[in-house]
Amino acid sequence: MKKKIDAFAYSIRAVLKGNKYSIDYYQREYKWKTKQIAELIADLTARFSQAYDVTHTRESVLAYPHYFLGSIVVSDKEGTRFIVDGQQRLTSLTLLLMYLRRLQAGMPARVNIDELIYSEAWGIESFNLDVAEREPCMRSLYEDASFDPEGASESVEAIWNRFADIEELFPNELRGDALPLFIDWLQHCVQIVQITAYDDDDAYSIFETMNDRGLNLTPSDMLKGYLLANIGEGPARIAAGDLWKSRLAGLADLGKEADADFFKTWFRSQYAKKIRERKRDAIPEDYDKIGTEFHRWLRRDAELVGLTSRAEFGTFVQRDFDFYSKQFIRISIASTSRDPKPDLPYIGFNSDNGFTLQFQLLMAPLRPQDTPTAISTKLMLVSRYVDILLAWRLWNNRSIAYSTMQYAMFLVMRDIRGMGVDELAAHLHGALSKESETFASLDRLKLHQQNRLQLHRILARITDYVGVQSGEPSRYLEMTNQMTTRYEVEHIWADHPERHLGEFEHAYDFAEHRNLIGDLLLLPKSFNASFGDLPYEKKLPHYLSQNLLARSLHPQCYERNPGFVRFVHENGLDVHPYDEFKASSVLERGQLYQAIAQQVWNPDDLPAIAAGLQA
C-alpha cells in the first residue's frame, strides 16, 4: 500500500544535517553554469545584506527574515533518499557550504557546518550528497587538496568549475566579520520545501507535473496577457501575439528562464530610476522590484512607462519589445560565442569573467531608432568600458562580484541611458579617467589562491595580444577553453628555494617573489608536467615551442621573427632574452606585463571606436 506524499518547509540545516541523498536516474548530471551560480550567490548575499548591520552579533540573526529557495522532490525508498528533482540546487548549496568552511580556516569564531556536508552513518563516512563518481572531486574540495578534472564526467567537471566560480564571486565584504552571521542565516533562515514520496511512481509523477505538465502562468505569460489585452481586439493584437510567440521561442533557445532575464534587463536598462540604498532598513526601489516581479511592476507603473492608450501598448510590443528582444538575443549569443573572430569580442571577455551585469549596461544606450552601425558601436563602447574596468579591478585585487558592483553599475546604466555614440564615448572615457586604481596602481601583482582564475584570463589576454600583434592567429580560445588543451598558470622558477639561496634568506621570501606576475606564464599543463621542475637554464630551450611571451625569454625568438621584432619596436617594450632568471628578472618581466596590459586595456580605444577607427 502506497504511503502518503509529504511536503514541508525545512531550513538548509534541517535538509542536510545528517541526511544522505543519492541521485536518482531522473537527474544524472550536474549542469549548472557560471550564470546560475552567480545568480544564487547574488540572491543570497543581497537578501542577507538587507538585514545585516556591522553592529549585529550572531544572536541578531534570529530576527533576520527568512528566504525561500525553491523546492526539491525526494523519493524515500526504505529509508534511502534519492533526489528526483533539485539536485542542481542541493549540489550548488553543498559547494557553497564547502567554500564557506574553507573561508573560516584560521578564524577564531568558526561556525561548524561540517555535518551539513559530510557525516557518518552506520559506521560509513560519506558526503551527505552521496554520489560515488563525484567523491574524489568533492573530497579534494573539502580538504583543499589538488585534483585534476581532465577527462572526468560532465558533472565532475561542472562541480570543479562551479566551486572556482564561487571562490571568485563570493563578495569580499562578507568574508570578514560578517561571515559567521551569513553562515548562521544561510543554514537556519534559508528554506526549501521538501516534497517526499515513498514510491518511485509517485516521485516521478510529481517530477513530471512540476517540470512538464504544469499549467501555472509564468510572469512572462502574465505580462503578455496584460499587454495584449490593452491593445484591443483585431489585427493589431493578432500581429502582436504572433511577434510575441516568435520572439519568446528565440529566447527559449538561449536557455531556461531567458525570457525572464530579458524582461528584467530591458525594464531595468530603460526605466529603473532608483535602486535600494545600501543601508539598514532601506526599502526596495523600482530596480529591485523589476528583479522580483517585473510583470506587476509594469502594471503598477504603466503610465510612467508611457502606456496610456491602446496605440502606445501596440507600439510597446511591435516596436520596443521587438527591438530590445533582438538586441538581448544578439548580446546573449555574443556572450557565449566561441568564434575566433567575434563581432563583439569584449562582450565575450566580460562573460568569461562572469560579469552578468553587463547586459543591462549594454542595453541602456540603445534606442529603436538607432541605425545598425550606431547599435554595434554603442555595444562596442559599453563592452570595452566594462572590459577595461574589470581588468583594472582584478589587477588591483578588487571584487567584481554582482553584489559588489551592482550599485555602481546601476549609476552608470542610468547615466548612459539613451546616449548617442559620441556622447557615450566621452562619458565612458571620462568615467574611466576618474578611476583611482589602474595598472599603474599596483606594480607587484601576485598570484594567490583567490585570483588564479582571474590571472589565467589576464595572462591569456596579454599572451594572445603579443601573438596577434606579431602576426600570429589568436589563441585566446585555446588558452581559456578547459575542455580542450588544458592551459595553466605556470611559474618560470621551479619550487626549489634552495636554488636561490644567494638572493633569498628565507623560503617565505622566495615563495612571495616566485608568485609575482613576472615569474608567470600561461602554458599547457603537459609542459609543466614534463619540464616544470627543471632549473631555468634547462627549461629555457623548451620555451621555444610555446607562445611568443614564453619564447621571448630565449635569444632565438628575436631571429627571423620580423613581426615580433616590429611589434616590440613600435610599442617601445623592454623585451629581451634571459640567460639566467634572477629576482631582478622577475621584476623586469612584471614591468613588461604591466606595460603590455596598459596597451591591451587602453581607455583611448573608446574615442577611437566612436570614430570608427578601431574594428
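**Exercise 1. Two residues with positive phi**

Does Asp144 count as buried, partly exposed or exposed, and at what relative accessibility? Treat Arg560 in the same manner.

*Solution.* The model is predicted: local features need pLDDT of at least 70, side-chain atom pairs count only at pLDDT 80 or more, and totals for chains, interfaces and linings use all residues. Residues are numbered from 1 along each chain as its sequence is written, and side-chain values use heavy atoms, with hydrogens and water left out.

Step 1. Set the classes: buried is under 20% relative accessible area, exposed is over 50%, and partly exposed lies in between, with a 1.4 Å probe and protein chains only.

Step 2. Asp144 has 42% relative accessibility and therefore counts as partly exposed. Its phi is positive, about 55 degrees, although Asp144 is not a glycine.

Step 3. Locate Asp144 in the loop between α4 (135-142) and α5 (154-169). Helices here are DSSP runs of H or I with at least four residues, strands are runs of E with at least two, and both are numbered from the N terminus.

Step 4. Arg560 is likewise not a glycine, yet has a positive phi of about 50 degrees. Arg560 lies in the loop between α24 (548-551) and α25 (562-571), and its 79% relative accessibility makes it count as exposed.

**Exercise 2. The sheet around β3**

Describe the sheet that contains β3, beginning with the strand order and ending with the helices that pack on it.

*Solution.*

Step 1. Five strands form an open sheet with mixed pairing, in the order β1-β7-β3-β4-β2. Two strands pair if DSSP finds at least two bridges between them.

Step 2. Identify the edges. β1 and β2 (21-23) each have a single partner strand, so one side of each is left without a neighbour in the sheet. On average, neighbouring strands are turned by 40 degrees against each other, direction ignored.

Step 3. Examine the partners of β3 (residues 67-77). With β7 (residues 190-197), β3 pairs in the parallel sense over seven bridges; here Val73 stands opposite Ile195. With β4 (residues 80-85), the pairing of β3 is antiparallel over five bridges. In β4, Asp85 is the bridge partner of Val73, and Ile83 is that of Val74.

Step 4. Assess burial. Nine of the eleven residues of β3 are buried, so the strand is largely enclosed by the rest of the structure.

Step 5. Add the helices. α2 lies across β3 and β7 and runs at about 125 degrees to β3. Axes are lines fitted to C-alpha atoms, for helices over the stretch in contact, and angles run from 0 to 180 degrees between N-to-C directions. α6 packs on the sheet, touching β1, β3 and β7, and its direction makes about 30 degrees with that of β7.

**Exercise 3. The covering of α6**

How many of the eleven residues of helix α6 (residues 179-189) are buried, and what covers them?

*Solution.*

Step 1. Ten of the eleven residues of α6 are buried, and the helix is mostly covered. Among the buried residues are Phe182, Asp184, Trp185 and Gln187.

Step 2. The covering elements include β1 (6-11), α1 (12-16), α2 (34-51), β3, α3 (87-103) and β7; contact means heavy atoms within 4.5 Å.

**Exercise 4. A run of phenylalanine rings**

Classify the ring pairs that Phe267 forms with Phe263 and with Phe316.

*Solution.*

Step 1. Rings of Phe, Tyr and Trp (its six-membered ring) pair if their centres lie within 6.5 Å; planes under 30 degrees apart count as stacked, over 60 as edge-to-face and the rest as tilted. By this rule the count comes to 50 aromatic pairs.

Step 2. Phe263 and Phe267 are 6.0 Å apart centre to centre with 40 degrees between the planes, a tilted pair. They are four residues apart in helix α10 (residues 258-271), about one helical turn, and both are buried.

Step 3. Phe267 and Phe316 form a stacked pair, at 6.3 Å centre to centre and 25 degrees between the planes. Phe267 lies in α10 and Phe316 in α13 (residues 310-336), so this pair ties together parts that are 49 residues apart in sequence.

Step 4. The relative accessible area of Phe267 is 0%, while Phe316, at 2% relative accessibility, counts as buried.
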